[in-house]
Protein chains: 2
Amino acid sequence: MMNKMKIVVAVDSFKGCVSSVELGEVIADAIQDIFPKAKIVKIPVADGGEGWVDALQPVLGGERITCLVHGPLRNQVRASYAWIEDTKTAVIEMAAASGISLMQIQEGNVMRSTTFGTGELIVDALNRGCEKICLGIGGSATNDAGIGMLQALGFHFRDKEGQEIKDGGAHLKEIADIDDSMANPLLLSCKIEVATDVRNQLYGKYEAAYMFARQKGATDEQIALLDDGLRHLANEIRKKYGVDLQDCPGSGAAGGLGGSCHLFLHAPLLSGISMLKRILHFDETIRDADLIITGEGKIDAQTEQGKLIEGILESAEKYNVPVVAITGNCAEQSEAMKKNPLLAIFSIHDAPVSLEQAMNAGYACCHVRQTIHSVMKLISFGRKTCS
Amino acid sequence: MMNKMKIVVAVDSFKGCVSSVELGEVIADAIQDIFPKAKIVKIPVADGGEGWVDALQPVLGGERITCLVHGPLRNQVRASYAWIEDTKTAVIEMAAASGISLMQIQEGNVMRSTTFGTGELIVDALNRGCEKICLGIGGSATNDAGIGMLQALGFHFRDKEGQEIKDGGAHLKEIADIDDSMANPLLLSCKIEVATDVRNQLYGKYEAAYMFARQKGATDEQIALLDDGLRHLANEIRKKYGVDLQDCPGSGAAGGLGGSCHLFLHAPLLSGISMLKRILHFDETIRDADLIITGEGKIDAQTEQGKLIEGILESAEKYNVPVVAITGNCAEQSEAMKKNPLLAIFSIHDAPVSLEQAMNAGYACCHVRQTIHSVMKLISFGRKTCS
């Protein structure tokens with residue numbers, strides 16, 4: 001009988017509720033209540049959104065730099081990123097400066113929210129001599145197609161009168177002139193990679209505005225305006241650069257920030273979970289594991305949610321490691337998840353609950369603990385039936 | 001390695017949603033998907049309410065008698081009970097004739113609903129020469145203190161003018177005269193036992209009307225009237241018989257039907273699950289089991305719900321058999337359940353859902369199956385870690 005199980009805990013944050021690191025603690029504790037001798041390896045994971053820096057820094061090392069930047073509505077925000085001096089690398093998450101948790105979700109706010117602060121973080125890193133940036137985009141409060149970020153980096157977007165356009169997706173359709181002549185020259189010596197698990201295009205009924213602006217507080221009418229703005233920008237870009245951003249999967253990520261990164265920062269748009277797995281040497285960590293516990297707040301077949309778990313399942317399948325997933329909502333699993341050999345998937349709810357109740361951090365942690373207890377007791381029972 | 005597990009499936013109905021028998025089928029199928037060689041023993045269980053006859057008849061045998069009786073609102077209802085000729089025994093559930101699923105839950109209905117039909121079933125059994133009745137009370141549409149049942153059995157309850165009072169709890173306070181002189185004489189040669197897991201008293205803030213009339217559609221005002229009626233009846237009974245029904249735990253069961261059974265039918269009020277376990281030889285069935293799967297629609301620390309699972313846990317503990325419970329709602333577990341060594345308890349929900357969604361039979365069966373699959377896969381995984 002095997003005495004020491006190796007269990008890898010790699011759970012995404014329950015967004016807007018509990019962080020990946022906190023969930024890892026709760027789960028490890030709960031495992032140890034039942035299997036005190038188990039070897040537990042906690043790996044905070046993230047898909048490019050909130051928690052991206054927390055997930056990478058433990059492995060990459062370096063220090064945390066905190067900057068005062070402009071938040072989504074030009075409010076003052078303290079945002080931090082990871083800086084690894086040795087390799088001149090910065091790990092930045094846009095959510096730290098321009099994230100949805102920094103803005104009240106109310107009608108109209110997403111019309112004028114800007115990614116300017118994300119640009120400021122990049123400028124700070126460039127000024128330190130940064131040669132490589134891993135930029136996680138996700139959890140955005142914005143739908144400005146990254147114009148704010150580009151403005152902070154010296155790009156100009158002017159209207160017919162030659163005036164710089166105002167902040168936010170509401171003004172995209174006024175863009176008449178794109179001027180990259182004063183772009184920050186430090187960008188030339190810096191390689192940027194973007195992490196996102198969104199493959200949406202810039203405009204259209206299933207793309208950036210229509211899929212994501214509602215959760216940022218836009219009304220139906222506002223969503224249509226934002227979509228028009230993105231379409232207008234794509235046309236202007238096509239005229240000036242001969243490039244069709246609509247052809248780029250992921251250009252609609254983070255309210256169109258993906259497209260700007262791709263075109264103006266020459267950044268490849270990569271899968272967040274794949275990038276993370278590579279940097280963390282995830283496959284090497286799990287190959288001799290007996291069990292992986294993963295999960296995220298919501299698993300959804302349509303949006304970026306669920307992609308992280310798919311990535312983890314892909315690795316688990318390669319090395320034949322069983323996976324238990326816990327989540328607040330797995331009603332809509334993707335086909336990939338259904339095909340993958342998930343050992344078990346549980347929602348943490350013990351009753352019909354409202355979304356509001358379910359999003360309470362105390363509720364979530366308590367129910368995650370209970371669920372993991374039950375899971376571990378069942379495994380323990382299975383072991384006993386052999387003896 | 002033990003090749004054949006014996007798994008006992010003893011799940012109560014998910015009330016108003018799926019029967020105990022159906023759930024047993026779904027669960028047995030799901031177990032066999034993962035453990036094709038497991039020996040599965042399905043035991044439908046019930047606490048005295050809906051499913052009481054279904055639970056007992058497979059063991060007691062006999063035939064099913066169907067009668068046309070008066071439903072809760074004097075509508076025509078086909079109700080059946082089990083009749084075992086050999087032992088002159090009838091198994092009757094009041095829910096078949098006077099149950100909540102036979103009445104629309106809307107304002108006022110509980111004020112005039114009657115247990116008359118339950119009395120008619122008893123009369124039918126008496127006319128067959130019945131010597132013993134196991135009467136399950138639970139799931140009632142009524143708050144008439146069993147007056148309807150007694151009227152069907154020849155008792156009279158008259159107002160100040162000497163008129164028989166009308167149906168329902170609304171009229172209890174008009175009772176001025178109780179006349180048992182014309183009670184059905186066959187009652188004398190019949191022993192009646194009542195199964196209930198409710199220990200509430202007749203009247204008061206935590207008793208029959210206040211605890212249960214709301215779910216039968218009563219408003220705050222109506223609940224107060226019903227409670228007054230029950231108190232008035234108790235006073236009249238005290239005057240005439242010198243008996244205080246309020247001293248009898250369970251007198252408030254099924255809208256006061258418990259009290260009437262106790263006093264007028266000389267029936268002991270017994271724990272439904274205990275009576276069932278005795279008749280089914282439950283302990284003998286589980287003593288060599290490897291696992292018990294139990295559950296019910298809702299587990300509640302306050303009401304009768306959860307008592308069935310407590311009863312099963314009690315037996316399981318005696319023989320050291322682990323238990324997995326599944327439910328639609330285990331947010332409020334009783335202290336007894338928390339102390340008992342439950343291996344695992346899972347709600348079947350995969351997301352925040354409304355009660356309405358949760359009460360859909362298709363949803364429930366599908367999610368029960370998924371949950372049992374996950375449970376069995378975890379046990380199977382545990383077994384594999386030993387080899």
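## Salt bridges and a two-chain contact

At 22% relative accessibility, A:Asp124 counts as partly exposed. Keep in mind that this is a predicted model.

**Exercise 1.** Find which side chain A:Asp124 meets in a salt bridge, and say how accessible that partner is.

*Solution.* Start with the pair: the side chain of A:Asp124 meets that of A:Arg128, with N to O at 3.1 Å. Then check the partner: A:Arg128 has a relative accessible area of 36%, so it is partly exposed.

**Exercise 2.** Work out which parts of chain A are tied together by the salt bridge between A:Glu193 and A:Lys132.

*Solution.* First, the distance: the closest N and O atoms of A:Glu193 and A:Lys132 are 4.0 Å apart, and the cut-off for a salt bridge is 4 Å. Next, place the residues. A:Glu193 sits in strand 9 (residues 191-196) of chain A and A:Lys132 in strand 6 (residues 132-136) of chain A, so the pair links parts that are 61 residues apart in sequence. Now look at accessibility: A:Glu193 is buried at 8%, while A:Lys132 is partly exposed at 26%.

**Exercise 3.** Compare the accessibility of A:Lys239 and A:Glu236, and say where the pair sits.

*Solution.* These two form a salt bridge, their closest N and O atoms being 3.0 Å apart. Both belong to helix 8 (residues 220-241) of chain A; they are three residues apart, so about one helical turn separates them. A:Lys239 has a relative accessible area of 66%, so it is exposed. A:Glu236 comes out at 12%, so it counts as buried. On a wider view, salt bridges with shared partners join A:Lys132, A:Lys191, A:Glu193 and A:Arg278 into one network.

**Exercise 4.** Describe the contact between chain B and chain A: what is buried, and how many salt bridges are there?

*Solution.* Take the area first: about 2800 Å² is buried between chain B and chain A, with carbon and sulfur atoms giving 70% of that. Salt bridges between the two chains number zero, but six residue pairs are in polar contact. On the chain B side, strand 13 (342-347), helix 14 (355-358) and helix 15 (361-384) each give two or more residues. Helix 15 of chain B gives the most, nine residues. The chain B side splits into 23 nonpolar, nine polar and four charged residues.

**Exercise 5.** Say how the two copies are related.

*Solution.* A turn of 180° and a shift of 0.1 Å along the axis lay chain B on chain A with an RMSD of 0.0 Å. The copies are therefore related as by a two-fold rotation axis. The same surface serves both: 100% of chain B's contact residues recur in chain A.

How values were computed:
Residues numbered from 1 in each chain as written. Chains lettered and ligands numbered in written order. Predicted model: local features only at pLDDT ≥ 70, side-chain atom pairs only at ≥ 80, totals over all residues. Heavy atoms only, no water. Buried area = accessible area lost by both parts, 1.4 Å probe. Polar contact = N/O pair within 3.5 Å; in protein donor to acceptor, adjacent residues only side chain to side chain. Helix = DSSP H or I, 4+ residues; strand = E, 2+ residues; numbered from the N terminus. Nonpolar A, V, L, I, M, F, W, Y, C, P; charged D, E, K, R; others polar. Least-squares fit on C-alpha atoms with pLDDT ≥ 70 in both. Contact = heavy atoms within 4.5 Å. Buried < 20%, exposed > 50% of the residue type's maximum accessible area, 1.4 Å probe, protein only.
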